[in-house]
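Dear colleague,

Please find the structure below, handed over for your own inspection. My findings on the ligand site and the internal cavities follow it.

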Amino acid sequence: MEAYDLVVRGGTVVTASDTIKADIGIRDGRIIAVAETITTGGETFDARGLLVMPGGIDSHVHLAQPGAGGVMLADDFETGTRSAVAGGNTTLIPFALQRRGESLRHAVAAYHSEAEGKSYCDYGFHLIITDPTPSVIGQELPSLVNDGYSSFKVFMTYDDMVLNDRQLLDVFECAKECSALVMVHCEGYDAIRFLTERLERAGKTAPYYHAASRPQVVEREATHRAISHAELIDVPIMIVHVSGREPMEQIRWAQQRGLKVFAETCPQYVALTAEDLKGLNMDESGGKYVCSPPPRDEANWEAIWEGLKGGVFSTFSSDHSPFMYEGPTGKLNPRARTSFRWVPNGIPGVETRLPILFSRGVVGGRISVNEFVALTSTNHAKMYGLYPRKGTIAPGVDADLVVWDPNREVTITQGLMHHGPDYTPYEGQKVTGWPVATFVRGTCVFAHGDVVGPLGHGGFLKRTTTKYPAAEWQSTTRRGAAVGEGEALGQ
Ligand code: DUC
Ligand code: ZN
Ligand code: ZN
């Protein structure tokens, strides 16, 4: 028997802390050796001139989820995970959405049957709590946390999902008792409704006004409210999809006070602007960019970079929430043409997350390649109970790797994508840095532009609760090695 099933040879191995030249020996889906030179071995993957990093972990994706008004997402587990591995990801954490009146167990079972046998990469589930009844809070949540669903998301807006302050506090208290992590969508429901109605009365119904109906002040207020509730209960929270300076500054303020407040941001907040929502000429093509919170402007991109560099953000996720553009369930559906309020909220991005951060961040000189790994993989594993099995390169861990060409220049276009929707909001954007191959537990699932399967290779991940004490938690998830500390990579 060969000592290894596969050796990835000659690459530059990058983790959140180190950059070294090494070979990686893999057996039975796990990394067995990381050594200067491995001479024995079965199959070889030649990684000379390339980076070898822990596969991307995207902890914020929506797959096979019903949207408002019964509109379905354009990605199920097959197409969504196909797109994910083509973008260098090896683990996703999508959501199991509880519909009001439904038991959480029932929701979780339904998502398992959507995912089983239909995933190219590994996956866990966060729970979306829309109906925190006494039995959900008292029985279902604690037992589900125990079964490996150790994080839940709550919404401060959306008719069919919003929780009031009392409900938020109940969920926060439950999370504290079971050591779960609560993810919070921070936008104020009443303010959005008020602004939406005012815009509609003035005839301002084009997709562009989606951004005007959800200004940063609405996000800032809700962010502050969520932080206050978390402080009251003394529970860690994760503020998701932070879009600009105002909410970022609230989070930084909370962190400086020692509160256990973590934060996530996404590609749309460093690569799209509200101007994109104008479309070609204030037309419906602006709907392609409708997501919540909306993209802001270039000054706010700089604020997000400040937060990424300064450690305000632990994770960079896609918030992949794909809808078709054309067709009866798309962004252009007949109702959506009457007002921005009916345009399905969300954009695809699981395949372009790594290239956008690498290009604008690492190649752009804003973050180190080690920080890139921390923000796209390691910190997701740490925050959501998968570390060290996932999120790093070391003997004994799962052989989840992305082999990356740091110099490849690509123009993002729909024709390159492997996802379900009929467009990418990043069409025409030029990036430097692109995945060459993706390995999930030692199996090559993507190479040189093609998804090579096997479908069904991905399995469910039972996640633990995060046991780091707050201070250590913050210091281990805030950043990887800073620019200059790692190897320069000749860029
Ligand atoms: N919130 C999300 O987290 N994803 C998509 C849309 C939204 O509002
Ligand atoms: Zn959200
Ligand atoms: Zn989302």
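In this predicted model, ligand 1 is surrounded by His60, His62, Lys153, Tyr158, His185, His241, Ser292, Asp319, Ser321 and Asn345. By class, this shell comprises 7 polar, 2 charged and 1 nonpolar residues. Ligand 1 is placed in the largest pocket.

Three side chains may be singled out for their polar atoms. An N or O atom in the side chain of Lys153 is 2.5 Å from an oxygen atom of ligand 1. Nitrogen atoms of the ligand are involved with two histidines: the distance is 3.0 Å to an N or O atom in the side chain of His62, and 3.3 Å to a polar side-chain atom of His185. On its own, ligand 1 has 240 Å² of accessible area, of which the protein covers 95%.

Turning to the cavities, a search of the whole structure returned 2 of 30 Å³ or more.

The largest cavity has a volume of about 50 Å³. Its lining consists of Pro207, Glu284, Gly287, Lys331, Leu332, Ala336, Arg337 and Val343, that is, 4 nonpolar, 3 charged and 1 polar residues.

The second largest cavity holds about 40 Å³ of space and is lined by Met53, Pro54, Gly56, Leu354, Phe372, Val373, Thr376, Ser377 and Val402. Strand 5 (51–54) and helix 12 (369–383) each give two or more residues to this lining, with helix 12 providing the largest share, 4 residues. Here the lining has 6 nonpolar and 3 polar residues, and no charged ones.

With kind regards

Key: Residues are numbered from 1 along each chain as its sequence is written. Chains are lettered from A and ligands numbered from 1 in the order in which they are written. This is a predicted model: local features need pLDDT of at least 70, side-chain atom pairs count only at pLDDT 80 or more; totals for chains, interfaces and linings use all residues. Side-chain values use heavy atoms; hydrogens and water are left out. A residue is near a molecule or strand if one of its heavy atoms lies within 4 Å of it. A polar contact is a pair of N or O atoms within 3.5 Å; within protein, one must be able to donate a hydrogen and the other to accept it, and residues adjacent in sequence count only if both atoms are side-chain atoms. Accessible areas come from the Shrake-Rupley method with a 1.4 Å probe; for residues, only the protein chains shown count as cover. On a 1 Å grid over the protein atoms alone, a cavity is a set of points where a 1.4 Å probe fits but cannot get out, and a pocket is an open set with protein on both sides within 12 Å along at least five of seven lines; lining residues have an atom within 4 Å of a point. A molecule sits in a cavity or pocket if more than half of its atoms lie within 2 Å of its grid points. Ala, Val, Leu, Ile, Met, Phe, Trp, Tyr, Cys and Pro count as nonpolar, Asp, Glu, Lys and Arg as charged, and the others, Gly among them, as polar. Grid points are joined across faces, edges and corners, and a volume is the space filled by probe spheres set on the points.
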